[in-house]
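Me: Please take a close look at the side-chain contacts of this model, both charged and aromatic. I should like one connected account, with the surroundings of each contact where they can be given.

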Amino acid sequence: STGLVNPVKRNVEHESNGDIIVMKKDLDVAALGEVLIDFTMAGTSGQNHMLFEANPGGAPCNVLAMLRKLDKHVVFIGKVGKDMFGDFLENTIRSKGILTDGLVKDNCIPTTLAFVHTAADGEREFSFYRNPGADMMLGKEEVDGELIKRSRIFHYGSLSMTHDKNYEATQYAIQVAKDNGCLISFDPNLRLSLWKTPEEARKRILYGMKQCDIMKISEEEVAFVSEQESLEKGVSFIRDNSDIKILFVTLGNKGSIAYYKDEKIYCGGIHQEHVVDTTGAGDTFCGAVLSRILELGTDALTEKDIREMLLFANAAASIVVTRKGALCSMPEPEEIRAASSLIDKVL
C-alpha cells in the first residue's frame, strides 16, 4: 500500500518438478490473539454507582487498528463468543478496515470481558472475566494458516498462551509463519492475573521471545522475564537467549529504546498533562514501529531510520493516552507527525 518494494522475504515452495512457486504476500500483518470488551470507567450514575463504557480492545487488534490508520492491509485471527459482544467486536473491527476472515465464534463460551479501573494519572488496573473466555478456546484446527502465509509479518502476544488450548494454536501459527517467510513480531503484554503461576507465564513468554524477529516489551516486563535488577542486564539476558533482530523497550512517558545489532538508540517521549487512559499505548507504539519495518525491513537499518521510527511511535503513543479506549482511538498520521515534531524540538 506504500508503493515501496517489499523487503520482507517471500514465501517460496518447491514443487516436485523443481519449479518454484512464489506465494503472493498480499497482507501486511496477521495478528493472532484476544479481542475483547474493555469496560472503562465513565463517571457515576445518579445513584452514585460506577458507570462503565464498552470499548473494543485486545492488544493484537489494537496493533492492527494502528496499522490500518497507516494504510496497511491487516487481518485478525482469534475467537469471540456467539453473543452480543462478539457481534459488536466483529462489526467494530471490520468497520476499522481490519479483515475478519480469521475470526471464529464459540457457541458455548462467552466473549472475554475486562473492566478497567483508571487512576487519576491514567494508569489502570484490570479485572478480567475470562474463566474461561472465548479467546482462550481458539484451537489449532481453527487457525487459518493461509492468512498467515499471505502475510509479511505475523504478530502475537502472551495472552494467547495462557491456557494449553490457545498455546497450542499459537505454536502452530508461529510454525506456519516460520515456514512461510514471515517476519515474526511478539509483545508479551503481561497480565499476571491471567496465568496459573508466574513461573508458567515466564516460561511461555520465554518461548514466545525465542521465536520472534521483532519484540516490543515494557521496562517492567524486561525485569519480570529476565529476573535481573537492571534494565541493561535484563536486555542482555533477552538478547543472549534469543535471535531477536530488533528489540524495542518502552519506558512510558520517558520514551523508548531500540537495541539493534551493536547499537542502543534512545528517543524521549512527551509528558501529557491530561492523561485519560494508558490502555493501548504500547499497542499503538507497536503498530507504529511495525508500519516502518514493513517499509524498511530489519536487515540494514541505519541509526537515523531507527531514531525516526522511535520518534514516530512515541508520538503516536502519546496521543492515544489522551483518549479513552484504544482500538477506536488510534491517531491519524498527520496528528502523529505533528506530535513527533514536538518531541524532536525537545530533543
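Reply: **Charged and aromatic side-chain contacts**

In this predicted model, Asp 135 has a relative accessibility of 5% and therefore counts as buried, the limit being under 20%. Its partner is Arg 130, with 2.7 Å from N to O in the salt bridge between the two side chains. Arg 130 is likewise buried, at 6% relative accessibility. Elsewhere, salt bridges with shared partners connect Asp 87, Glu 90, Arg 94 and Lys 105 in a single network.

The structure has 21 salt bridges in total, and some of them span long stretches of sequence. One of these is formed by the side chains of Asp 26 and Arg 150, at 2.9 Å from N to O. Asp 26 belongs to the loop between strands S2 (20–22) and S3 (27–33), whereas Arg 150 belongs to the loop between helix H3 (145–149) and strand S10 (151–157); the bridge therefore ties together parts separated by 124 residues in sequence. Both ends have some accessibility: Asp 26 is partly exposed at 32%, and Arg 150 is partly exposed at 27%.

Lys 72 and Glu 295 provide another salt bridge, with an N to O distance of 2.8 Å. Here Lys 72 comes from the loop between helix H1 (59–69) and strand S6 (74–81), and Glu 295 from helix H8 (residues 281–296), so that distant parts of the chain, 223 residues apart, are linked. Lys 72 is buried, with a relative accessibility of 2%.

Turning to the aromatic side chains, the model contains nine aromatic pairs. Among them is the edge-to-face pair of Phe 52 and Phe 115, whose ring centres are 5.3 Å apart and whose planes make an angle of 85 degrees. Phe 52 is in strand S5 (residues 50–57) and Phe 115 in strand S8 (residues 113–118), and this pair too links distant parts of the chain, 63 residues apart. Phe 52 is partly exposed at 25% relative accessibility, and Phe 115 is partly exposed at 22%.

Phe 126 and Phe 128 form a stacked pair, because their planes meet at 15 degrees, with 5.6 Å between the ring centres. These two residues, Phe 126 and Phe 128, are both buried.

Phe 52 and Phe 115 also belong to one aromatic cluster together with Phe 39, Phe 85 and Tyr 129. A contact between a charge and a ring completes the account: the charged end of Arg 202 is placed over the ring of Phe 224, at 4.3 Å from the ring centre.

Conventions:
Residues are numbered from 1 along each chain as its sequence is written. This is a predicted model: local features need pLDDT of at least 70, side-chain atom pairs count only at pLDDT 80 or more; totals for chains, interfaces and linings use all residues. Side-chain values use heavy atoms; hydrogens and water are left out. Rings of Phe, Tyr and Trp (its six-membered ring) pair if their centres lie within 6.5 Å; planes under 30 degrees apart count as stacked, over 60 as edge-to-face and the rest as tilted. Helices (H or I, at least four residues) and strands (E, at least two) are DSSP runs, numbered from the N terminus. Buried means under 20% relative accessible area, exposed over 50%, partly exposed in between (1.4 Å probe, protein chains only). A charge sits over a ring if NZ of Lys or CZ of Arg is within 6 Å of the ring centre and within 35 degrees of the ring normal. A salt bridge is a side-chain nitrogen of Lys or Arg within 4 Å of a carboxyl oxygen of Asp or Glu.
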